[in-house]
Amino acid sequence: RNITGGDLLYCILTIMEGQTVVCPKVDNIDCPKDNESNLFLGPIPTYISLASSSLSCIGAAIIVLTYILFKELRTTTRSIITYLAIADFFTAFGYVIGGTNYLVHSQESPGTSCIIFDNICAIQSYITTWSQLTSFIWNSILAYYLFMTISFGKYNLVNRLIPFYHIIAWGIPITVALPLLCTGYLGYSPYAASNWCFIKDAMYQTGAKSQKEVIIAIVFAGKLPEIICYIFLVTFYTLTKCFVWKIKKRLNRETDSFLLKQAIQRVDNRLVLIPLVFVLLRMWGTIQFFFTIIISRYSDSGCISQLEHLVHFSLGIMEAIGDGGQGWANALLFVFLNSKTRKLILCKVFNICERYSQCCCHRDKSVVVMDDPSTISKMKSSIVDSVSTGLHEIVGESYDVSTPLL
């Protein structure tokens with residue numbers, strides 16, 4: 001049957017009844033050997049995660065606000081980026097809650113029952129599990145959308161699929177996260193890099209859940225979808241970039257249009273940056289997960305060598321920056337490093353249109369080609385039709401080059 005808000009409330013109330021954990025402490029395991037240290041990383045990654053996640057909340061909010069305030073930016077591509085920003089906001093906000101929850105309750109006396117900590121932990125874990133999966137799906141949708149519109153000009157076709165994108169992106173993650181919440185899998189693990197909550201460690205699980213079952217839950221709730229997203233993004237952006245590369249070669253041979261070449265170069269640059277930023281941010285958590293499985297005696301003592309701990313700590317720092325960092329990274333890529341968006345913000349925020357109208361409020365010719373759909377029609381008749389390259393594949397009216405992303 002369909003999952004309702006009542007089902008979610010029932011699961012939350014079920015988790016809250018009668019389940020407690022010991023408050024997290026700086027040292028959960030005492031390692032007997034001098035050259036050993038435990039898997040626990042302490043509060044430093046938590047502070048870093050709070051900083052990165054807070055910036056992501058701001059960055060995601062800026063993306064959403066620019067979409068709302070400026071009708072010039074309300075293209076299909078920017079809409080997808082906005083939905084992605086909403087998912088990233090929930091992820092970052094969840095990590096802020098998780099980090100704060102840990103820092104507050106880590107100061108409790110040893111053995112204190114942390115019912116509040118456990119309840120907040122489970123809810124935060126549900127939010128971030130759902131929002132991360134949603135983010136992966138919207139990232140994949142963006143890659144597919146650009147591939148279909150740039151390579152094949154199927155603008156109308158992919159636009160008709162937008163309602164299905166919403167069902168998939170917002171709905172499927174619920175079918176993954178809700179059962180984990182209802183079965184008590186979501187909660188605190190003392191070895192999470194930034195002390196936020198995800199899949200509850202076996203020592204805190206109710207029932208007969210083993211460490212192996214916990215690892216399987218982590219794989220299917222986070223790491224497997226993330227790896228699939230890596231493959232999907234790299235594949236589709238590479239295919240799209242190959243098409244753009246062919247167009248660039250053809251342009252160099254058959255036209256001297258600076259505007260058209262500049263437009264194609266912008267597309268080419270973004271097709272490298274978008275997947276690169278995502279992978280560089282998210283890869284550390286994946287590496288950290290497999291590294292922990294390989295080097296730790298997780299289910300026995302939890303002690304590792306000092307060298308292993310150093311690598312583990314370094315990966316934890318990078319994970320703390322990256323896992324909650326897509327909001328600020330996308331704000332840099334799609335807002336602050338985008339010339340048109342910067343100009344619109346300057347005009348809106350600082351109200352300097354009259355004084356700097358030439359550079360701020362009036363579109364210059366170097367930018368219009370990527371911002372105005374009507375310009376594409378003019379280019380198609382004045383430039384594209386004058387050469388024998390079939391450049392309508394990339395600048396035709398069916399391709400949504402009005403996107404400020406590109």
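**Entry 1: terms before the pocket**

Before looking at anything else I noted that helices, here runs of at least four residues, are taken from DSSP and numbered from the N terminus. I also noted that I am reading a predicted model.

With those names in hand I went to the second largest pocket, which holds about 320 Å³ of space. Of its 14 lining residues, I found Phe136, Ile137, Ser140, Ile141 and Ile168 to be the closest to the centre. I then looked up which helices build the lining, and H4, H6 and helix H7 (211–254) turned out to supply at least two residues each. The largest share is that of H4, which contributes six residues.

**Entry 2: a nonpolar patch**

Ile168, which I had just listed among the residues closest to the centre of the second largest pocket, came up again when I turned to the surface. Together with Phe164, Ile167 and Ile172, Ile168 makes a nonpolar surface patch of about 400 Å². I placed Phe164 in helix H6, which covers residues 162–182.

**Entry 3: cysteines**

Which cysteines form a disulfide? I found that Cys121 and Cys197 do, with their sulfur atoms 1.7 Å apart, and the count for the structure comes to one disulfide. The two ends are 76 residues apart, so I wrote down where each of them sits: Cys121 belongs to helix H4 (residues 115–152), while Cys197 is in the loop between strand E2 (186–187) and strand E3 (198–199). I noted the torsion about the S-S bond as about -110°, which means that the disulfide is left-handed. Both of these cysteines are buried.

I checked two further cysteines for their accessibility. Cys57 has a relative accessibility of 13% and therefore counts as buried, whereas Cys242, at 40%, counts as partly exposed.

**Entry 4: charged pairs**

How many salt bridges does a search of the whole structure find? The search finds three, and I went through them in turn. As a reminder to myself, side chains of opposite charge can pair when their charged atoms come close.

I began with Lys223 and Glu226, whose side chains meet in a salt bridge at 3.9 Å, N to O. Both residues are in helix H7, and because they are three residues apart there, about one helical turn separates them. I had to decide whether they are buried or exposed, and since buried means under 20% relative accessible area, Lys223 at 10% counts as buried, and Glu226 at 1% counts as buried as well.

Glu226 has a further partner in Arg282, and in that salt bridge the closest N and O atoms are 3.2 Å apart. Arg282 lies in helix H8 (residues 258–295) and Glu226 in helix H7, so this pair ties together parts that are 56 residues apart in sequence. Arg282 counts as buried because its relative accessibility is 5%.

The remaining bridge I looked up is between the side chains of Asp323 and Arg282, at 4.0 Å, N to O. Here too distant parts of the chain are linked, with Asp323 in the loop between helix H9 (306–322) and helix H10 (326–336), Arg282 in helix H8, and the two positions 41 residues apart. Asp323 is buried, as is Arg282. Putting the shared partners together, I could draw Lys223, Glu226, Arg282 and Asp323 as one network of salt bridges.

**Entry 5: enclosed space**

I next asked about cavities, and the search of the whole structure finds three of 30 Å³ or more. The largest cavity holds about 70 Å³ of space. Which residues line the largest cavity? Two names from the salt-bridge network, Arg282 and Asp323, are in the lining, and I also read off Ser56, Asp88, Thr91, Gln132, Ser135, Phe136, Gly324, Gly325, Gln326 and Gly327. Helix H3 (76–105), H4 and H10 supply at least two lining residues each, and H4 gives the most, with three. I marked Phe136 in my margin, since that residue lines this cavity and is also among those closest to the centre of the second largest pocket.

**Entry 6: Gln211**

Last I looked up Gln211, which is found in helix H7. Gln211 has a relative accessible area of 17% and so is buried. The C-alpha atoms of Gln211 and Asp201 are separated by 7.4 Å, the two residues being ten apart along the chain.

How values were computed:
Residues numbered from 1 in each chain as written. Predicted model: local features only at pLDDT ≥ 70, side-chain atom pairs only at ≥ 80, totals over all residues. Heavy atoms only, no water. Patch = residues over 30% accessible without salt bridge, like charges linked within 9 Å, V, L, I, M, F, W, Y side chains within 5 Å. Areas by Shrake-Rupley, 256 points an atom, 1.4 Å probe, with all protein chains shown as cover. Disulfide = S-S within 2.5 Å. Buried < 20%, exposed > 50% of the residue type's maximum accessible area, 1.4 Å probe, protein only. 1 Å grid on protein atoms, 1.4 Å probe; cavity = no way out; pocket = protein on both sides within 12 Å on 5 of 7 lines; lining within 4 Å. Points joined across faces, edges and corners; volume = space filled by probe spheres on them.
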